[in-house]
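Visitor: I have a structure in front of me and do not know where to begin. Could you show me how to read some of its features?

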Amino acid sequence: MTAAPDLAKPAGQAADRRISQRLGGIAASATLAIDARAKAMRASGRPVIVFGTGEPDFPTPAHIVAAAEAACRDPRFHHYTPASGLPELRTAIAEKTHHDTGLPATAAQVVVTNGGKQALYNAFAAILDPGDEVLLPAPYWTTYPETISLAGGTVVEVRTDESTGYLASLEQLEAARTPRTRALVFVSPSNPTGAVYPAAEIEAIGRWAVEHGVWVVTDEIYQDLRYGAAAEGRYPSMPVLVPELADRCIVVNGVAKSYAMTGWRVGWLIGPPDVAAAAGNLQSHGSSNVCNVAQAAALAALTGPQDAVETMRQSFDRRRQTMTRMLTEIAGVTCPEPLGAFYCYPSVGALLGRDLGGHRVESSAELAELLLEEIEIAVVPGEAFGTPGYLRLSYALGDDDLVEGITRLQRLVAGSD
Ligand SMILES: Cc1ncc(COP(=O)(O)O)c(C=O)c1O
């Protein structure tokens, strides 16, 4: 009988190496892990309130589900589509993007992917070679560094904090630039911070990228979820504000967040034709087309009535205001107002090292653990986003649960004063 493999052993050191160095270095998604743990606790009867989830709590709008049902019954949707996507969906994506942001895209520039995640991986794989550096503003969404590394790139973090509302400045980007800088990851609205860059700053960053020949992978997946002043006007897309950038820019997007379609797994990238072709080639061997029925659903989402998007946005906006107000009321918690997505990203450094309900925690990871075990609220610690000392709380949950969960946090901290 052979011994069970030692999964904790670092890959790539001994002759008996089992997992490649490339995959051995990849961590499981911390956000998905916390979500799974919280759901398991709930299933065992504990009244856990989940602030960890990165997905709308609404069901997918009925007309989209109906389109999928019809596709299920239509043999046309029982077969492969081209690897880069259903032709009519690629056209709809190009047209909707042009309508929403002004980007003059063609269907040939679109690759339909298994969610925005695969679009990111395909994008990095298409443009990175070993040694290429990628500037990544932190706090960053957990998937960026892993997909960059998988594609052979080297992550160069550009650290931001609450003092600038988590916005990276041009000066910071320039300070991080080296002759090896190949690309910048840009995301607005941001996961995990909810920060939204003003159009003038997006344009300035785009011009800087053009000047230095830096590629930009711009993640626009939260484009419809903007609030307050940030919701005014058309979504400011970097390659539209700086058309000269379009030849070195890859736009990532998907239906997951705008249409409550996370489980359907439909995303896309829009890039220059050679990049789209390369990404399509990769996909043709790695996974081939996205589920045909799910593509039909995405087509209905993009071409059908859009009122559900606005209804959900208004709910998120209401919850955003409640959560921000309640978090700001807690002594020791600093929370810049998020202007997009569905996350608050408070700094909790002042809660560390002090008594919290008879416990003492030294890191935001320990704090998240304490909150889950003691007051049964699930949050994601800043460690998952490259910035210890913070927590990410999603407000994509019911209003009552939201108030109850943050009240538990308020009581824990107040009881310890
Ligand atoms: C910033 C950002 N980009 C892309 C995605 C990818 O979403 P999906 O793969 O579900 O389409 C997510 C999901 O959480 C996200 O937060």
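Guide: Let us start with a sheet. This is a predicted model. In a sheet, strands pair through backbone hydrogen bonds, either parallel or antiparallel. Here, an open sheet holds 3 strands in the order β9-β14-β13, and the pairing is antiparallel.

Visitor: Why is one side of β9 and of β13 left without a neighbour in the sheet?

Guide: Look at the edges. β9 (343–344) and β13 (380–381) stand there with a single partner strand each, so one side of each has no neighbour in the sheet.

Visitor: How many bridges join β9 to β14?

Guide: There are 2 bridges, and the two strands run antiparallel. Strand β14 covers residues 391–394. Take Cys 344 as a case: its bridge partner in β14 is Leu 393.

Visitor: Now the ligand. Which residues surround it?

Guide: To read a binding site, list the residues with a heavy atom within 4 Å of the molecule. Here the list includes Gly 115, Gly 116, Lys 117, Trp 141, Tyr 144 and Asn 191. Asp 219, Ile 221, Tyr 222, Ala 256, Lys 257 and Arg 265 also belong to it. By class, this shell has 5 nonpolar, 3 polar and 4 charged residues.

Visitor: Which helix gives the most to the shell?

Guide: Helix α5, residues 115–127, gives the most, with 3 residues.

Visitor: What polar side-chain atoms lie by the oxygen atoms of the ligand?

Guide: For a polar contact, look for N or O atoms within 3.5 Å of each other. Tyr 222 has a polar side-chain atom 2.9 Å from a ligand oxygen. For Lys 257, the distance from a polar side-chain atom to a ligand oxygen is 2.7 Å. Arg 265 also has a side-chain N or O atom 2.7 Å from an oxygen of the ligand. Overall, the protein covers 94% of the 390 Å² of accessible area that the ligand has on its own. The space the ligand takes is the largest pocket.

Visitor: Where does Arg 265 lie along the chain?

Guide: Arg 265 is in the loop between β7 (249–254) and β8 (267–270). Check its backbone too. Its phi is near 60 degrees, a positive value in a residue other than glycine.

Visitor: Which peptide bonds are cis?

Guide: Read the omega angle. The bond from Ala 138 to Pro 139 is cis, with omega near 5 degrees. Pro 139 is in the loop between β3 (133–138) and α6 (143–150). The bond from Ser 188 to Pro 189 is also cis, with omega near -5 degrees. Pro 189 is found in the loop between β5 (181–187) and α8 (199–212).

Terms used. Residues numbered from 1 in each chain as written. Predicted model: local features only at pLDDT ≥ 70, side-chain atom pairs only at ≥ 80, totals over all residues. Heavy atoms only, no water. Polar contact = N/O pair within 3.5 Å; in protein donor to acceptor, adjacent residues only side chain to side chain. Areas by Shrake-Rupley, 256 points an atom, 1.4 Å probe, with all protein chains shown as cover. 1 Å grid on protein atoms, 1.4 Å probe; cavity = no way out; pocket = protein on both sides within 12 Å on 5 of 7 lines; lining within 4 Å. Sits in = over half its atoms within 2 Å of the grid points. Helix = DSSP H or I, 4+ residues; strand = E, 2+ residues; numbered from the N terminus. Nonpolar A, V, L, I, M, F, W, Y, C, P; charged D, E, K, R; others polar. Pairing = 2+ DSSP bridges.
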